[in-house]
Amino acid sequence: MRLLFAILIAVLSLFYFLPFAIAFNRKRANSGAIFALNLFLGWSLVGWVVALVWALKDEQTL
C-alpha cells in the first residue's frame with residue numbers, strides 16, 4: 001500500500017510541475033519565473049493553466 005501511495009504522489013508531482021518541465025526542456029529564458037508561478041499558484045487551476053500557456057507560448061525574438 002505504501003508503494004502505491006508513493007507512486008501516486010510521484011506521478012501527481014510530475015503532472016503538477018509539467019509547465020516547468022516543458023519550459024525547462026524548451027530552454028525558455030524565463031523558466032525560473034514559470035517555476036515560481038507554478039510553485040506558488042499552481043495549486044489553483046488558473047495558476048497552473050497560466051503557467052502551462054506561458055511555457056508553451058513561442059518566444060518572440062527581435
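**Group meeting talk: a four-helix chain**

Okay, let's start with one residue, Leu37. If we skip its neighbours within four places in sequence, Leu37 is in contact with Gly42, Gly47, Val50, Ala51 and Trp54. Keep in mind throughout that this is a predicted model.

So where does Leu37 sit in the bigger picture? It belongs to the largest nonpolar core, which has eight residues. The other members are Ile22, Ala23, Ile34, Trp48, Ala51, Leu52 and Ala55. You'll notice that Ala51 turns up here, and it was also on the contact list of Leu37. Three helices, α2, α3 and α4, each put at least two residues into this core. Which helix gives the most? That's α4, with four residues.

Let's stay with α4, then. It covers residues 45-56, so 12 residues in total, by definition a DSSP run. From first C-alpha to last, α4 reaches 16 Å, close to the 16 Å expected at 1.5 Å a residue.

Now, which residues of α4 are buried? They are Gly47, Trp48, Ala51, Leu52 and Ala55. Why do we say they're on the same side of α4? Because they cover an arc of only 135 degrees around the axis. Flip to the other side of α4, and you find Leu45, Val46 and Val53 exposed. Have a look at those three in the viewer.

And what do the buried residues of α4 pack against? They pack against α1 (2-16), α2 (18-25) and α3 (31-41).

Let's zoom out to the whole chain. It has four helices and zero strands, and from the N terminus on, the order is simply α-α-α-α. The radius of gyration is 13 Å, well over the 11 Å that the globule rule gives for 62 residues, so the chain is more spread out than a compact globule. You can put that beside the spans of the C-alpha trace along its principal axes, about 55 × 20 × 15 Å.

How much of the chain is buried? Buried residues come to 24% of the 62 residues. As for the surface, the chain exposes about 5000 Å², and carbon and sulfur atoms supply 76% of that.

One last number, on contacts. Take the contacts in the chain with a separation of 6 or more: residues 24 or more positions apart account for 47% of them.

So, to wrap up, go back to Leu37 on your screen, find its contacts with Val50 and Trp54, and then trace the rest of the core from there, including Ile22 and Ala23. That's my bit, thanks!

How values were computed
Residues numbered from 1 in each chain as written. Predicted model: local features only at pLDDT ≥ 70, side-chain atom pairs only at ≥ 80, totals over all residues. Heavy atoms only, no water. Expected span 1.5 Å × (residues − 1). Buried < 20%, exposed > 50% of the residue type's maximum accessible area, 1.4 Å probe, protein only. Arc of directions from axis to C-beta. Contact = heavy atoms within 4.5 Å. Rg over C-alpha atoms; globule rule 2.2 N^0.38 Å. Areas by Shrake-Rupley, 256 points an atom, 1.4 Å probe, with all protein chains shown as cover. Core = buried A, V, L, I, M, F, W, Y, C linked by side-chain atoms within 4.5 Å.
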